[in-house]
Structure formats: C-alpha cells, structure tokens
Amino acid sequence: MGGHGYMGWWGNMGGPKQKGITTYALSPFEQKPFAGVSRAMIFNTSRRVSAQIPYIGVAFGIGYGIYTWATARHEYLLSKAGHAEAAGH
Amino acid sequence: MIRYLHANTASFFFFFVYLHIGKGLYYGSYKAPRVALWSIGVIIFLVMIITGFLAIPWIGKDLVEFIWGGYSVDNATLNRFFSLHYLLPFILAALVVMHFMALHEHGSNNPLGVTGNADRVYMHPYFIFKDMVSWFLFFLVLSLFLFYAPNAMGHADNYIPANPMQTPPSIVPEWYLLPFYAILRSIPDKLGGVVAMIGAILILLAMPVLDTSRIRGSAFRPLMKIAYWLFVVNFLILFWCGGQHVEEPFITLGQWSTGFYFAWFLILVPGIGIIENTLMDISSEK
C-alpha cells in the first residue's frame, strides 16, 4: 500500500534520498539553544501578533457590536417599554 | 469524580476538535491530495456530535419529537440512546485509525502550504516529546476544571431528571453542540431544521470543491484571512445564540448567523478564490 504519496507507509519516511550530508554537532557548552529567547518572546511575538490584528480585529469588532446590540435589545424587549412596543402600542 | 472526568474530558475533546477543524480550514488542509483525510475527519466530527448528543436524553427527546411529531418518548428511547452512546465511540476509534492511514498517505500539511517532503524528522522522539508538553498542560488544565470547577462547562438544567410526561420548558445542550443547535432551531420547519443542522456539518465535505483558490492555506491570502475570522466570529455568535432563550432578538440573529454560515461556504469561499485567481491572472498578463 501507499507508495504513490509523498510518504512511505507507516514509519518509512519516503521522500528523496538525501546524500552528502555532513553531520557534526556543537559541544553542549557551545550551544545556545535559548539565545535571544527572552527578547524574541516579547518583541517577536508582539510584532507577529499585531501584524494579524487588522485581519482578526475587523471580525471581532463586528461581532462585539452585534453582541452588545443584541444584549441591549433583549433587555429592552423584556422591559415595560419593550413589552408595549411588542404589543403595538 | 469519574462522571465529572467523563463530562469535562468530552468538553475538552470537542474544544480541541474545533481548534483542529479551524486549523484545517485556515491552512487549506482539505485541499487535494488530502481530501480523503479531510472527509474521514468530517465523518468523525459528525459521529462525535451524534455521540455527544445521545448522552443528553433531554435534547434527544426534543429531537425525536421533532422528527416523530409527538410520539411518546419513554424509558426505551433513553435506553436505546444510551446504548448507542456506548457503542459509537468504538466506531469513532476505528474512524480515527482510518484518519491516521489517510494522513500517512500524503503526510501532514503545514502553515506555508508547500510540501515539506524534503525535510522530515521522525515522530519519535521529536514530536512525541514536543506533544508531551501539550499533554501535561492539558492534564493540568483538565485537573483544574475537574477538581475546582467541574460544572463550569455544563448547565444546571441538565441535572433535571428526564420525565417522559413533560417536555422541558427550556433545553440547553452542552456548549459544544450549541452552534448546531442554533442552526437547528433557526429554521421554522421541523424537518428543515434537522436537515440544516446536518447540512451544516456535511457542508465541510464540500470544501475541497468550494475552495477555488490556487493557493493552499490562508497565510498569504489577506481577503481569505478576513473572511476566515468573520466565519469564526459568526460561529461564536451561533454558540451564543444557541445558549439563549428562544426570544427576540436571538431568533432573528440566529437566522442571520445561519444564513451567513452557509453563505460563507457557498459564496464567500469560492468567490474569494475566483477574485484572487483573476487578480493573479491579470497581474501576470503581459
């Protein structure tokens, strides 16, 4: 089974055979796996999130408007004035 | 505690599944060649909804009356529903295996929407250990709910024992069923409401056809991004309407939201794809 997809079947990775790869490793003392992470955590995250705000904000702005309108309208319809309006007075 | 564990884990299961489906919609994971994977996923979602729904005899009762128009629903019906609630998870488990098999045909999608075929790492240990972070976080949050707020995601009305002699004055499904419940009751016709509710789930199956864009995923499609979030917010409104009493303005709002739900699939998604492709063609013409 499989074979025509990108992947091999169940654990067989498939994909193009990789050749000429040199593997070496830095000593754990030389590695800096958390280099700049505290800075990126604040500035990178805020930059990337704020870049999405124009796309997300439109929808949530409209949604919040509908939510407040519907809540107010519901409360009005339950009030004395709202009942009078519903009865056509 | 075991019952609370059952109920809260089901809630989280649905929460994660909604995120998973949302991710699939955003990143175009339904597009060829992963149509089989997506379709099995939609069926899993449908069976999940049915399973979750059967756990609440009060809602089930209402629906049976919707379909059968006033036949008495008694103990036998509740027993039958409970049996299916036990049986369907085994079918779900089999479907999950099929979901995995379909996934392994073509591999996972990624946020860029391009093939990641040339650069792969093994599931174990890389993803196992990465996922374990999420598992532990999940168990932490689940424990918080389980031990400190076990009823936070439920509704008090669902503690009223089922009474075959009385239709409940108001029914509130579990939160994860609310959007589809809102769609169900926004259609005035009984059978039409059921058809719309099931159609709302099955319309996901049409996504591979409805998405006319040449680009997989929404990461590089500004119009689709806006449309996607409109869909999300509309879905949240459906969530909200489904939990309200059947009163104005929630009736009208639910109907408009249902309309938008279907319009998103049938008009917005194909329309935006066509606009994008046309703009692309115009700009690439000499």
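**Note on the predicted model: spans, a helix pair and one lysine**

1. Over residues 12–28 of chain B, the chain is 88% helix and 0% strand. The C-alpha atoms at the two ends are 24 Å apart. This is a predicted model.

2. That span is one of those given in UniProt, in an unreviewed entry, as "transmembrane region". The record lists residues 12–28, 35–60, 80–103, 132–149, 191–210, 222–240 and 260–279 of chain B. Look also at residues 260–279 of chain B: 100% helix, 0% strand. Here the end C-alpha atoms lie 25 Å apart.

3. Chain A has an annotation too. UniProt, again in an unreviewed entry, puts a "transmembrane region" at residues 53–70 of chain A. In the model this span is 100% helix and 0% strand. Its end C-alpha atoms are 25 Å apart.

4. Next, a helix pair in chain B. Helix α6 (residues 178–186) and helix α7 (residues 190–202) of chain B have axes that come within 7 Å. The axes cross at roughly 145°. The crossing is right-handed. From α6(B), the contact uses Phe180(B), Ile183(B) and Leu184(B). From α7(B) come Gly193(B), Val194(B), Ala196(B), Met197(B), Ala200(B) and Ile201(B). Of these contact residues, eight are nonpolar, one is polar and none is charged.

5. Where does Lys31(B) lie? It sits in the loop between α1 (2–26) and α2 (35–54) of chain B. Is Lys31(B) buried or exposed? Lys31(B) counts as buried because its relative accessibility is 12%, and buried means under 20%. Leaving aside neighbours within four places in sequence, Lys31(B) is in contact with Asp211(B), Ser213(B), Ile215(B) and Arg216(B).

Terms used: Residues numbered from 1 in each chain as written. Chains lettered and ligands numbered in written order. Predicted model: local features only at pLDDT ≥ 70, side-chain atom pairs only at ≥ 80, totals over all residues. Heavy atoms only, no water. Axes fitted to C-alpha atoms, helices over the stretch in contact; angles between N-to-C directions. Helix = DSSP H or I, 4+ residues; strand = E, 2+ residues; numbered from the N terminus. Left-handed = near helix turned anticlockwise from the far one by under 90°. Contact = heavy atoms within 4.5 Å. Nonpolar A, V, L, I, M, F, W, Y, C, P; charged D, E, K, R; others polar. UniProt positions renumbered as here; feature names shortened; annotations may be inferred. Buried < 20%, exposed > 50% of the residue type's maximum accessible area, 1.4 Å probe, protein only.
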